[in-house]
Amino acid sequence: MSGNIELLSTTLAAAKAEGRAALIAYLPAGFPTVGGGIEAVKAVIAGGADVVEIGLPHSDPVLDGPVIQTADDIALRGGVRIADVMRTVREAYEATGVPILVMTYWNPIDRYGVERFTAELAEAGGAGCILPDLPVQESALWREHAEKHGLATVFVVAPSSQDARLATITAAGSGFVYAASLMGVTGTRASVGAQAQELVGRTRATTDLPVCVGLGVSNAEQAAEVAGFADGVIVGSAFVKAMLDAPDETAGLDAVRSLAGELAQGVRKR
């Protein structure tokens with residue numbers, strides 16, 4: 001079975017055709033439970049998310065701040081496994097038809113096996129992977145199997161990336177480019193800043209792929225700001241915090257659905 005890279009591309013193109021940025025939501029698998037995590041994905045899609053990233057919980061998440069680290073810890077203590085990540089992708093995709101990616105560090109894939117991981121992700125209906133710590137120059141094996149299985153390979157670029165490096169990264173990637181709005185880890189910020197807009201401009205000069213901005217967006221006003229210059233607005237910590245702050249799972253689902261609705265309005269107001 002082939003993965004859903006084409007669905008990802010057409011979804012991002014459809015948002016662009018509507019004159020807006022896509023809303024991309026991030027939630028970790030297994031949080032607060034495997035079943036609860038699946039329902040949370042369905043809730044953010046019901047609220048208006050166009051694309052969802054499923055985080056593969058990791059014990060050493062170098063890109064993630066304290067909010068996502070806390071959720072990852074809950075998921076890992078609950079015994080989440082890669083099979084549960086694949087189940088989350090499958091059930092969310094089958095229920096919604098929305099493109100679902102996995103965001104993961106390289107070590108779990110390396111241990112699991114690249115061919116096994118890509119084959120299972122494609123079979124589950126996944127659209128691809130975001131790989132924040134896989135160097136492009138060491139990615140040939142991954143890209144070979146991802147392409148074979150119809151999966152996008154999304155690399156992360158940062159404000160520190162030089163133009164030549166941006167060109168190397170974007171030439172190797174597919175689906176979209178993840179532009180980190182600032183140097184640092186995930187988390188909500190008071191402002192997203194001008195760094196992100198400059199990075200999007202420099203990245204676009206190297207590629208025709210959509211450029212989507214993550215790290216720091218937490219409300220409709222910030223989403224509208226980023227939607228003014230990016231093809232997609234990626235929101236993670238704000239959704240996770242809404243779940244963490246809720247008194248119970250039902251309230252958490254209501255909170256992330258409502259937040260997705262606000263952010264979906266934000267990306268339309270750019």
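Start by selecting helix α3 (residues 66–77) and helix α11 (residues 237–245) in this predicted model. Their axes come within 9 Å and cross at roughly 55 degrees, so α3 and α11 are oblique to each other. Turn the view until one helix sits in front of the other: the crossing of α3 over α11 is left-handed.

Now show side chains here. On the α3 side, pick Val67, Ile68, Thr70, Ala71 and Ile74; the residues they meet in α11 are Ser237, Val240, Lys241 and Leu244. Colour this contact by residue class and you get six nonpolar, two polar and one charged.

Keep α11 on screen and add helix α12 (residues 249–267). The axes of α11 and α12 come within 8 Å and cross at roughly 150 degrees, which makes α11 roughly antiparallel to α12. This crossing is right-handed. From α11, select Ala238, Phe239, Ala242 and Met243. Facing them in α12 are Gly252, Leu253, Ala255, Val256, Leu259, Ala260 and Leu263. What is the mix of residue classes in the contact of α11 with α12? It comes out as ten nonpolar, one polar and no charged.

Next stop, the aromatics. How many aromatic pairs does a search of the whole structure find? The count is three. Zoom in on tyrosine 112 and phenylalanine 117: their ring centres are 6.2 Å apart and their planes stand at 85 degrees, so this pair is edge-to-face. Both tyrosine 112 and phenylalanine 117 are buried, so you may want to hide any surface you have on.

Stay on phenylalanine 117 and bring up tryptophan 142. These two form a tilted pair, 6.3 Å centre to centre with 55 degrees between the planes. Phenylalanine 117 belongs to helix α6 (residues 114–123) and tryptophan 142 to helix α7 (residues 140–148), so the pair ties together parts that are 25 residues apart in sequence. Tryptophan 142 is buried, as is phenylalanine 117. Add Trp106 to the selection for the full set: ring pairs link Trp106, Tyr112, Phe117 and Trp142 into a cluster.

With Trp106 still showing, select aspartate 133, in the loop between β4 (128–130) and α7. Ignoring neighbours within four places in sequence, aspartate 133 is in contact with Thr104, Tyr105 and Trp106. Try a distance label from aspartate 133 to threonine 104: C-alpha to C-alpha they are 8.6 Å apart in space, though 29 residues apart in sequence. Is aspartate 133 buried or partly exposed? At 33% relative accessibility, aspartate 133 counts as partly exposed.

Two backbone stops remain. For one, go to the loop between β1 (22–28) and α2 (34–47), where you'll find proline 32. Look at the peptide bond leading into proline 32 from phenylalanine 31: this bond is cis, with omega near 0 degrees.

For the other, jump to leucine 215, in the loop between β8 (211–214) and α10 (220–227). Check the backbone torsions there: phi of leucine 215 is near 85 degrees, a positive value in a residue other than glycine. Where does leucine 215 stand on burial, buried or exposed? With 5% relative accessibility, leucine 215 counts as buried.

Notes
Residues are numbered from 1 along each chain as its sequence is written. This is a predicted model: local features need pLDDT of at least 70, side-chain atom pairs count only at pLDDT 80 or more; totals for chains, interfaces and linings use all residues. Side-chain values use heavy atoms; hydrogens and water are left out. Axes are lines fitted to C-alpha atoms, for helices over the stretch in contact, and angles run from 0 to 180 degrees between N-to-C directions. Helices (H or I, at least four residues) and strands (E, at least two) are DSSP runs, numbered from the N terminus. Angles under 35 degrees count as roughly parallel, over 145 as roughly antiparallel, 65 to 115 as roughly perpendicular and the rest as oblique. A crossing is left-handed if the near helix is turned anticlockwise from the far one by less than a right angle, and right-handed if clockwise. Contact means heavy atoms within 4.5 Å. Ala, Val, Leu, Ile, Met, Phe, Trp, Tyr, Cys and Pro count as nonpolar, Asp, Glu, Lys and Arg as charged, and the others, Gly among them, as polar. Rings of Phe, Tyr and Trp (its six-membered ring) pair if their centres lie within 6.5 Å; planes under 30 degrees apart count as stacked, over 60 as edge-to-face and the rest as tilted. Buried means under 20% relative accessible area, exposed over 50%, partly exposed in between (1.4 Å probe, protein chains only).
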